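Please open the model in a viewer with a cartoon representation and keep the selection panel at hand. The tour proceeds from one selection to the next and describes what is found at each stop.

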Amino acid sequence: MIDFFQTLNVKRFVFADGDNVNNPKVFGDYLIKNNYLELDTQIICFVGANTNQNNWYNNTVKYIQAQDKNKLGISTSFNITPIRVQKEGENSLDMVLSTYIGLAMGQNPRAEFIIVANDKGYDSVVVHFENIGLKIKRVPVEMKKQTEEKDSEISHVAEIRREVLRTKISKRPAKEKGLKNVLLVNCRQYVSEKNVDLYYKALIDDLQVRRMLKVTGTKLEWLGEQ
């Protein structure tokens, strides 16, 4: 078990759902791409009761170390801890992971908390704690085919959302085409003609989970006070 009393200097916690990140290469590439292999980041991956956590851990570490040998400048000291859920059951891994998030928040509320999972059920946890001022987000990882555009999209949804919501609700786009144009103009550091559809879908999903937007076909209805 992680001793959260010894993690007060940690700036970031990454909680990975092993059901989604059981591919060491994909998970390793995600950590490398986002510069999470640093001593100020605590990475915790939860695996099911029937998963061999030692194999998962060893294969992940070996892959990361192999990339370091390729002179990618990866830190040789990083914190990755596997935790095996003791009993299989519906949502058992989700419940344990969410409990660990609460433990970490209780000891280090100023840190950033990242849930790496494709399961949108975690979004209720994200919205709840985000609404009381904590820095938390869920990042999905596409296991079968992970393109560069998808990686970029999932890394910047929060920034894109904040940019869009800066505009008064009465002046926000009422149609899909209008919102895509806003993304291309105001979020051009992330969005291009090549990946705008991916960004649009990710943003729409995010806003609907937060009950800030209603979508009917290509029409957009922004929810909230005028």
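Two strands are said to pair if DSSP finds at least two bridges between them. Helices (H or I, at least four residues) and strands (E, at least two) are DSSP runs, numbered from the N terminus. The model is predicted, so that local features need pLDDT of at least 70 and side-chain atom pairs count only at pLDDT 80 or more, whereas totals for chains, interfaces and linings use all residues. Residues are numbered from 1 along each chain as its sequence is written, and side-chain values use heavy atoms, with hydrogens and water left out.

**First stop: the sheet**

Select the five strands that form an open sheet in the order E3-E2-E1-E4-E5, with parallel pairing. Strand E3 (79–84) and strand E5 (135–139) are the edge strands, each pairing on one side only. On average, neighbouring strands of this sheet are turned by 15° against each other, direction ignored. The axes behind such angles are lines fitted to C-alpha atoms, for helices over the stretch in contact, and angles run from 0 to 180 degrees between N-to-C directions.

Next, colour strand E1 (residues 12–17), which pairs with E2 in the parallel sense over six bridges. Within this pairing, aspartate 17 has phenylalanine 46 of E2 as its bridge partner. E1 is also joined to E4 by five bridges, and these two strands run parallel. Here alanine 16 stands opposite valine 116 in E4.

**Second stop: strand E4**

Now select strand E4 (112–116). Are its residues buried or exposed? Five of the five residues of E4 are buried, so the strand is largely enclosed by the rest of the structure. Buried means under 20% relative accessible area, exposed over 50%, and partly exposed in between (1.4 Å probe, protein chains only). Glu112, Ile114 and Val116 point one way from E4, while Phe113 and Ile115 point the other way. Five bridges join E4 to E5 in a parallel arrangement, and isoleucine 114 has lysine 137 as its bridge partner in E5.

Show the side chain of glutamate 112, a residue of strand E4. Glutamate 112 counts as buried, at 14% relative accessibility. Which side chain does glutamate 112 meet in a polar contact? The partner is the side chain of arginine 12, at 3.2 Å. A polar contact is a pair of N or O atoms within 3.5 Å; within protein, one must be able to donate a hydrogen and the other to accept it, and residues adjacent in sequence count only if both atoms are side-chain atoms. Leaving aside neighbours within four places in sequence, glutamate 112 is in contact (heavy atoms within 4.5 Å) with Lys11, Arg12, Phe13, Lys135 and Lys137.

**Third stop: helices across the sheet**

Add helix H3 (residues 92–107), which lies across E1, E2, E3, E4 and E5 and runs at about 175° to E1. Then add helix H4 (residues 123–131), which lies across E4 and E5 at about 160° to E5.

**Fourth stop: aromatic rings**

A search of the whole structure finds five aromatic pairs. Rings of Phe, Tyr and Trp (its six-membered ring) pair if their centres lie within 6.5 Å; planes under 30 degrees apart count as stacked, over 60 as edge-to-face and the rest as tilted. Select tyrosine 30 and tyrosine 36: their ring centres are 5.8 Å apart and their planes stand at 70°, so the pair is edge-to-face. Tyrosine 30 is buried at 1% relative accessibility, and tyrosine 36 is buried at 7%.

Phenylalanine 46 and tyrosine 100 form another edge-to-face pair, 5.1 Å centre to centre with 70° between the planes. Phenylalanine 46 lies in strand E2 and tyrosine 100 in helix H3, so this pair ties together parts that are 54 residues apart in sequence. Phenylalanine 46 is buried at 0% relative accessibility, as is tyrosine 100 at 12%. To see the wider group, select Phe13, Phe15, Phe46, Tyr100 and Phe113, which form one aromatic cluster.

**Last stop: two loop residues**

Most residues other than glycine have a negative phi. Asparagine 35, however, has a positive phi near 60°. Asparagine 35 is placed in the loop between helix H1 (24–33) and strand E2 (41–47), and is exposed with a relative accessible area of 56%. Finally, select arginine 211, where phi is likewise positive and near 60°. Arginine 211 belongs to the loop between helix H8 (196–209) and strand E6 (213–216) and counts as exposed at 71% relative accessibility.
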